[in-house]
Amino acid sequence: MTSHDSTHVPGASAACGHWIGTDQRHCGAARGVRLYGTGLRCPAHTPAALAGRPEPAPGPGMPAGAWTALSPLGTSALIDARAVASGKRRSSPHVYRAAQAATAPREQT
């Protein structure tokens with residue numbers, strides 16, 4: 001495995017791909033190897049370890065509603081569709097019909 005190759009086949013033996021230039025070889029350690037953006041790395045060669053920083057503590061991750069909140073871009077698209085559907089903004093006939101369909105009240109099932 002080269003230092004730029006970050007693909008790992010499940011079931012294959014995992015080895016650290018960090019290149020040790022003074023020895024002209026890859027590290028090859030097999031214990032505690034994890035996949036990073038730079039490839040498979042052992043705990044001694046993680047990006048944080050190479051930068052001289054401690055490993056970041058695992059956190060809670062993204063909040064549960066992070067992907068469900070409306071973004072400003074999505075909100076502006078909704079407002080624009082309402083303006084087209086109401087006739088306040090000019091558009092082509094097919095865009096007008098699509099905006100009317102998108103903003104029409106939906107039936108509760």
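Hi everyone, let's start with G32, which sits in the loop that joins β2, residues 25-26, to β3, residues 34-36. Before I go on, please keep in mind that this is a predicted model.

So, is G32 buried or exposed? G32 counts as exposed, because its relative accessibility is 52% and the cut-off for exposed is over 50%.

Now, which residues does G32 touch, once we set aside its neighbours within four places in sequence? They are R41, C42 and P43. Take P43 from that list: G32 and P43 are eleven residues apart along the chain, and their C-alpha atoms are separated by 6.3 Å.

Let's follow another of those contacts, R41. This residue belongs to strand β4, which covers residues 39-41. With a relative accessibility of 6%, R41 counts as buried, since buried means under 20%. Where does the side chain of R41 reach? At 2.8 Å from it we find the backbone oxygen of T38.

R41 also leads us to our last stop, H18, because R41 is one of the residues in contact with H18. You'll find H18 in the segment before β1, residues 19-20. H18 has a relative accessible area of 18%, so H18 is buried, given that the limit is under 20%. Leaving out neighbours within four places in sequence, the contacts of H18 are R25, H26, C27, L40, R41, H45 and L50.

To recap, R41 is in contact with G32 and with H18; G32 is exposed, while H18 is buried. Thanks for listening!

Methods: Residues numbered from 1 in each chain as written. Predicted model: local features only at pLDDT ≥ 70, side-chain atom pairs only at ≥ 80, totals over all residues. Heavy atoms only, no water. Helix = DSSP H or I, 4+ residues; strand = E, 2+ residues; numbered from the N terminus. Buried < 20%, exposed > 50% of the residue type's maximum accessible area, 1.4 Å probe, protein only. Contact = heavy atoms within 4.5 Å. Polar contact = N/O pair within 3.5 Å; in protein donor to acceptor, adjacent residues only side chain to side chain.
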